[in-house]
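Grab a pencil and open the model in your viewer. Try each exercise yourself before you read the solution.

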Amino acid sequence: MPNTLLDVDLKNARVPQIHNRWHPDIPPIESVDIGDTWRCESVDWTGGQIGNNDSANDVRDVQLTQVHYLTGPVRVNGVKPGDLLVVDIADIGMLPDSEWGFTGIFDFNNGGGFLCDHYRDAGKMCWDFEGIYAKSRHIDNVKFAGLTHPGLIGCAPSMKLLEEWNRREAKLIATDPDRVPPLAAPPTTENAWMGQMKGSDAENAAKVAVRTVPGREHGGNCDIKNLSRGSKVYFPVYVDGANLSFGDIHFSQGDGEISFCGAIETAGWIDFHVDVIRGGMEKYGVKNPIFKPGPVEPRYSEYLVFEGISVDEQGDQHYMDATVAYRQACLNCIEYLKKFGYSGPQAYMLLSTAPVIGMVSGIVDIPNSVCTLALPTEIFDFDIRPNANGPTSKSRGKASVCS
Ligand code: ZN
């Protein structure tokens, strides 16, 4: 078994081996050599704010300035800016005293989500793990194998890159500064946790340290479900030693992680292995990470595929808008699932967590982009396919919802 660089304390997430902002000066917690393999643990992305219970109040009241709780950074000796850091995700597992996960719908006024205009109240489902499978007391007749992955993994940005991120995101926020939910999350010192930085150094860095919410050129919170066991990621390196951090482990997630608190969120561990490609950014023209999915994935052979076009819920035509089109595909699938007795919040959270495949099918046929959402039919223990007799509707359990 690889050496464990950090084992987390689930009851005390704020240790110096954890940080929740990106900044080049956050000191490494450990250093490894090129060719090393090691294990690191991670708390869930909220640092334990969400409980395994039947109330969604903790999701409604979550402090989003605390997220994400990241383990790291780990310095890789000898790696230089311009290199590609080759990271193997050798294996991923759960912690013995934390074999459960949660999925939430954020309140419209505290986070929102992809369908926040339709689902404004906070909701929650908790999941139990049975080996590779997840099932939930909050949704009946559903069970699926996890495609487990880190929602968030990336190397530290350089100061120049950090400044560029702050510049472009501030410019976007300025177009509608009071928007709810906000257009982007600007730096804030509130709940900033700068790892091993202390005192005024930490305070000053936190003023400009970027939030971990979006994915960016270094990777970060990309929420790519296929970054699972056995995958290999080629990260652009922007600082000496690369300074790799990760967190936000997802037992399973659907493409888009649409409910935002959206995957099956959990604590866990990852075994990493690193190599380097010297000057790889220039050699391969890499600006954002590239990756090779692993060989271990759930095997689903049959899907129902829902289409969406870039015409919104009010009937307004948008020009080639893939976000509008994917939203329609999701809403169409949810309406379908409701005919079988699932509630809207249950269906919303199911699409966010089950291994659904989202695709851009057409992006040239003016004026409609077409996006599709493929739902594996085998995750249900009854026949979900359309037939001449119509759907069988019955109660399918109950997700926790605030109102
Ligand atoms: Zn997550």
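Below are five exercises with worked solutions.

Some ground rules before you start. This is a predicted model, where local features need pLDDT of at least 70, side-chain atom pairs count only at pLDDT 80 or more, and totals for chains, interfaces and linings use all residues. Residues are numbered from 1 along each chain as its sequence is written, and side-chain values use heavy atoms, with hydrogens and water left out.

**Exercise 1. Find the donors of the zinc ion and work out their spacing along the chain.**

Step 1: List the donors, meaning N, O and S atoms within 2.8 Å of the metal (3.2 Å for Na, K and Ca); water is not among the atoms, so sites may look incomplete. Asp248 gives two OD entries, His250 gives NE2 and Glu265 gives two OE entries, at 1.9 to 2.7 Å.

Step 2: Read off the spacing, which is D-x1-H-x14-E.

Step 3: Check the burial of two of these residues. Buried means under 20% relative accessible area, exposed over 50%, and partly exposed in between, with a 1.4 Å probe and protein chains only. Asp248 comes out buried at 2%, and His250 is buried too, at 0%.

**Exercise 2. How many disulfides does the structure hold?**

Step 1: Set the criterion: a disulfide is a pair of cysteine sulfur atoms within 2.5 Å.

Step 2: Try Cys222. The closest cysteine sulfur is in Cys155, and at 12 Å that is too far for a bond. Cys222 is partly exposed, with 34% relative accessibility.

Step 3: Try Cys402. Cys261 has the closest cysteine sulfur, again too far for a bond at 12 Å. Cys402 is buried, at 9%.

Step 4: The tally for the structure is zero disulfides.

**Exercise 3. In what order do the six strands of the open sheet lie?**

Step 1: Fix the terms. Helices (H or I, at least four residues) and strands (E, at least two) are DSSP runs numbered from the N terminus, and two strands pair if DSSP finds at least two bridges between them.

Step 2: Trace the order, β1-β4-β17-β6-β14-β18, with mixed pairing.

Step 3: Look at the edges. β1 (3-6) and β18 (290-292) each have a single partner strand, so one side of each lacks a neighbour in the sheet. From one strand to the next, the twist averages 30°; the axes are lines fitted to C-alpha atoms (for helices, over the stretch in contact), with angles from 0 to 180 degrees between N-to-C directions.

**Exercise 4. Describe how β17 pairs with β4 and β6.**

Step 1: Take β6 (residues 84-93). Nine bridges link β6 to β17 (residues 268-277) in the antiparallel sense, and Gly93 sits opposite Trp269.

Step 2: Turn to β4, which also runs antiparallel to β17, over six bridges. Here Trp38 has Phe272 as its bridge partner.

Step 3: Count the covered residues: seven of the 10 in β17 are buried.

**Exercise 5. Which residues does Gly47 touch, not counting those up to four places away in sequence?**

Step 1: Place Gly47 in the loop between β4 (37-42) and α1 (57-60).

Step 2: Look for contacts, that is, heavy atoms within 4.5 Å. Ala13 and Tyr69 qualify.

Step 3: Compare sequence with space. Gly47 and Ala13 are 34 residues apart in sequence, yet their C-alpha atoms are 5.5 Å apart.
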